[in-house]
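Here is a short walk through one model. It takes helix packing first, then enclosed space.

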Amino acid sequence: MAKSLNYVCTVCGAAHGKWSGRCDDCGAWNTIVEETPLSVGPASKSLGARRGKGMVLTDLAAAEAPPPRSRSGLDELDRVLGGGLVPASAILVGGDPGIGKSTLLLQAAAAFAANGLRCIYVSGEEAAAQIRMRAQRLGLGDAPVRLAAETALRDILTTLEAEKPDLAIIDSIQTMWADNVDSAPGSVSQVRAAAHELTAFAKRQGTSVILVGHVTKEGQIAGPRVVEHMVDTVLYFEGERGHQFRILRAVKNRFGPADEIGVFEMTGAGLAEVANPSALFLTDSQSPQPGSAVFAGIEGSRPVLCEMQALVAPTPHSQPRRSAVGWDGGRLAMILAVLEARCAVPFAGLDVYLNVAGGLRVREPAADLAVACALLSAREDVALPPQSVVFGEISLSGGLRPASQTELRLKEAAKLGFTTAIAPLPGRAELAGEAGAAIVLRPFPDLATLVGDMFGAG
């Protein structure tokens, strides 16, 4: 009997009936490979019609209280995890190569072990001596963390069942090899099988498991997206190589808020926590510069102030450039179109560059107004008022929509010495608290009014 074959995309994990050069689901080229499906086998070994044993059902109201979280003492890490490590949880950590994932998790393992947890660090990429060398460089040579260098999934699970640790770190999931899957390590089937077995082990034994995942050039965790659905928490470790700042961002968390961030600084002694990220992402210059606007944003549950920098210059080319670093390029094009259509401010024949200072990536729509002010300031060569922050969402009609948690944004701005806030008009009603007395609001009903009053353009 001929063996049935399956074709799977190595980027998104979509299954196809035959090979093709382009994946219909994600649009990637030359990523479809042939592999044997996991369910292929003789009929005697398949599920068939034989009934299984019944499940044990419990009442929701009669369920026992969940065990308490374990805190590491690293406040930024505990914040992103939602208050600490949940027992029997599966966590996936992704990031660019060399960004500091192994350093962060080695420091986290040492911190959890110092608080009484039994921790095992399993590396499929480095020898135990290399991990020990890094630990000595970080000042963690005496940490009670047990090390192993292994890629065979069966041996790893056998050891974990015997040792019964509280926390197991697997670095990385792409190097794990399951002997019951007929494909090479790092393939879609291997990654999916290894993630499933490790997640099932975490739920069965009560051990928290942290999986390290490589990312593709698009910034997504390599392998099928189904791996992200298996785990409880997905964290991305972000940062630019030219900056010493690193951001740990939660994009999925079953036990806490998503989009929460923790900020770290890469030093010679490892990753150091940054208690006040707003001061970190702002420049030290006291005099306002054209093309610069300070955005009062919200990342998860914390307010973060960052600087939006814009440069508008004549272009020698027939097609002007539109470049954005740290922000969505499509949203930049939308704001330029709104400025031209609703405010009569043309950008034809001008190159436009936008940068979020400090390597931060901003995804909040409330940054629209700060981007527009930075673009207008750069185009007109007029600086914004000193000690002012900007936030608000721009609609396609040119109107301004208020941002959420206005009071929290203004409190953070007032704490850092800012005295003026440029925001949509409805924000005035939220200034009854302490921040309203410490900072002056300049409300605008729409973008055209702001352009005329502040820049005289349009």
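Two helix pairs come first, and cavities follow.

This is a predicted model, where local features need pLDDT of at least 70, side-chain atom pairs count only at pLDDT 80 or more, and totals for chains, interfaces and linings use all residues. Residues are numbered from 1 along each chain as its sequence is written, and side-chain values use heavy atoms, with hydrogens and water left out.

Start with helix 4 (residues 153–163) and helix 5 (residues 188–205). Their axes come within 11 Å and cross at roughly 10°. Helix 4 and helix 5 are therefore roughly parallel (angles under 35 degrees). Leu153, Leu157, Leu160 and Glu161 of helix 4 touch helix 5 residues including Ala193, Leu198 and Phe201; contact means heavy atoms within 4.5 Å. This contact of helix 4 with helix 5 has 7 nonpolar, 1 polar and 3 charged residues.

Now turn to helix 8 (residues 329–343) and helix 12 (residues 447–455). They pack at an angle of about 80°, their axes 10 Å apart. That makes helix 8 roughly perpendicular to helix 12 (65 to 115 degrees). Val338, Leu339, Arg342 and Cys343 of helix 8 meet Leu447, Ala448 and Val451 of helix 12.

What empty space is left? A cavity is a set of points on a 1 Å grid where a 1.4 Å probe fits but cannot get out; lining residues have an atom within 4 Å of a point. There are 2 cavities of 30 Å³ or more. The largest cavity holds about 60 Å³. Among its lining residues are Leu77, Ile91 and Leu248. That lining has 9 nonpolar, no polar and no charged residues.

Definitions and conventions
Axes are lines fitted to C-alpha atoms, for helices over the stretch in contact, and angles run from 0 to 180 degrees between N-to-C directions. Helices (H or I, at least four residues) and strands (E, at least two) are DSSP runs, numbered from the N terminus. Angles under 35 degrees count as roughly parallel, over 145 as roughly antiparallel, 65 to 115 as roughly perpendicular and the rest as oblique. Ala, Val, Leu, Ile, Met, Phe, Trp, Tyr, Cys and Pro count as nonpolar, Asp, Glu, Lys and Arg as charged, and the others, Gly among them, as polar. On a 1 Å grid over the protein atoms alone, a cavity is a set of points where a 1.4 Å probe fits but cannot get out, and a pocket is an open set with protein on both sides within 12 Å along at least five of seven lines; lining residues have an atom within 4 Å of a point. Grid points are joined across faces, edges and corners, and a volume is the space filled by probe spheres set on the points.
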